[in-house]
Amino acid sequence: MGVSPNEIGIEWEKVYAERAKGMRASEIRELLKVAKQPGVISLAGGFPDPTLFPVNEIKEVTDFVLLNEGSDALQYGVTEGLKQLREILVERMRKEGADIGLDNLIITTASQQGLDLIAKIFINPKDTIIVESPSYLGALQAFNAFEAEFVDIRINKDGMDTDILEDTLKDLIFKKRIKPKFIYTVPNFHNPAGVTLSLERRKRLVELSEKYQVPIIEDDPYGEVRFEGEALPPLISLDRSHVITLRTFSKILSPGLRLGWIVGDPEVVRKIVIAKQAADLCSPSITQNIVYHFLKKGYLEPYLEKVRVEYKKKRDLMIESMEKYFPEEVKFTKPEGGLFIWASCPKSINTEELFFEAIQEKVAYVIGASFYAHRDIHNCMRLNFSLPSHEQIEEGIKRLGNLLKKKIGK
Ligand SMILES: Cc1ncc(COP(=O)(O)O)c(C=O)c1O
């Protein structure tokens, strides 16, 4: 209902808290609306391939849960999460080398909530945090809501540049007398950059964290979606006391379940529990029960294997198509897993302006500038290969390639 002519509406801008004034709608969500126009091939979103979802297995365990555990599954649960599920996840993390117990792990309403809770317990207005350049947009948004100041560290094909990180830490701590609250990193198949932090840099990163006593937030939704190469140790397995790890079922099972988990020092986990109580009391009991039985039945591994095989095919096709249709001036990453390829165009191409022309050509991507804390890079784009079909990948890349060639004057 709108405001009637005689009524004086509230000036909401004057009522909002300072932190809400700086909040902006996620550009990705806004752009996705444009990308949904009929006929547009979207290489934009970060959605898993829905044709692969294990619908029958989820139905089977959901029926089982409702039949046998309905009264618990439909009830509030404890804030820490379903104990049996936490036990399975502790075991899973131990297999990856993380020396942890039950009090190191809490279930969250997927990783986006994890990021929000991390921000809530650590960030005061104007606190400095270190992020990658580029960085996951949803994390920038979550940290921005608590009025963080960002210092960004360039990444290249081996992930965050740890030499630059050390120089930055020295400068901040010894010259500017600023102690950053944490270093945020996406080590595997980076969103948006597609790159993976090398083993050497992983070791250096935890060394720097210890040396300068700045914790690391390791956000790892994609590590298990590796379809090529050797798995690298998670940061939490290299240093249990300086690293807080965020995991999620969104990319390894289904984002609709809205479940993830955080692993960290028991003291931090206890603080997160308190923060989570105020946020949602507990993550949905029913999905926790469903996921627990899904894992117990051993359904996750075969599903993940299928995902890896299919995503590799799609990645290969997207790379092949880019090699065929993109002008050679456009450089791109070749991820060994995950969902994204990152393309860097010559500086003369502004991908924000190009986006609207791309929509005319009926193809969409995500504008690179959205992923920079200071929005200072304008020639990049993120391309997703998990959601589009094979035909859409080839046709979408062809349309984009033709547009890029026209811009470059070929
Ligand atoms: C790096 C990263 N972190 C966190 C998330 C949030 O995912 P979810 O809340 O579905 O677990 C995403 C989603 O794309 C992501 O790419």
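Let's start with the big division: the protein chain splits into domain 1, made of residues 14–53 + 302–408, and domain 2, which covers 55–296. Keep in mind as you look around that this is a predicted model. Between the C-alpha centres of domain 1 and domain 2 there are 24 Å.

How do the two domains meet? On one side, domain 1 puts 31 residues into the contact, and on the other, domain 2 puts in 34. If you look at the side of domain 1 that touches domain 2, the elements that give two or more residues are H13 and strand S11 (340–344). H13 supplies the largest share of that side, with 6 residues. Sorted by class, the side of domain 1 that touches domain 2 holds 17 nonpolar, 9 polar and 5 charged residues.

Now stay with H13 for a moment. This helix (residues 300–325) packs against helix H15 (residues 390–408), with the two axes 9 Å apart and an angle of about 25° between them. Angles under 35 degrees count as roughly parallel, so H13 is roughly parallel to H15. Their crossing is right-handed. To find the contact in the structure, pick out Lys314, Leu317, Met318, Ser321, Met322 and Tyr325 on H13, then His390, Ile393, Glu394, Ile397, Lys398 and Gly401 on H15. That set of residues, from the contact of H13 with H15, is a mix of 6 nonpolar, 3 polar and 3 charged.

Next, hop over to the ligand. There are 14 residues around it, and Ala110, Ser111, Gln112, Thr248 and Ser250 come nearest. What kinds of residues make up this shell? By class, the shell around the ligand has 8 polar, 5 nonpolar and 1 charged. Helix H6 (residues 110–122) gives the most to the shell, namely 3 residues.

H6 also has a helix partner to look at. Its axis and that of helix H7 (residues 137–144) come within 8 Å and cross at roughly 30°. Here, too, you'll find a right-handed crossing, as H6 passes H7. The meeting residues are Gln112, Leu115, Asp116 and Ala119 in H6, together with Gly138, Ala139, Ala142 and Phe143 in H7. In the contact of H6 with H7, 5 residues are nonpolar, 2 are polar and 1 is charged. Gln112 is worth a second glance: this residue is among those that come nearest to the ligand, and it also takes part in the meeting of H6 with H7.

Methods:
Residues are numbered from 1 along each chain as its sequence is written. This is a predicted model: local features need pLDDT of at least 70, side-chain atom pairs count only at pLDDT 80 or more; totals for chains, interfaces and linings use all residues. A residue is near a molecule or strand if its C-beta atom, placed from the backbone, lies within 6 Å of it. Helices (H or I, at least four residues) and strands (E, at least two) are DSSP runs, numbered from the N terminus. Ala, Val, Leu, Ile, Met, Phe, Trp, Tyr, Cys and Pro count as nonpolar, Asp, Glu, Lys and Arg as charged, and the others, Gly among them, as polar. Axes are lines fitted to C-alpha atoms, for helices over the stretch in contact, and angles run from 0 to 180 degrees between N-to-C directions. Angles under 35 degrees count as roughly parallel, over 145 as roughly antiparallel, 65 to 115 as roughly perpendicular and the rest as oblique. A crossing is left-handed if the near helix is turned anticlockwise from the far one by less than a right angle, and right-handed if clockwise. Two residues are in contact if their C-beta atoms, placed from the backbone, lie within 7 Å. Domain bounds come from an automatic or database domain assignment.
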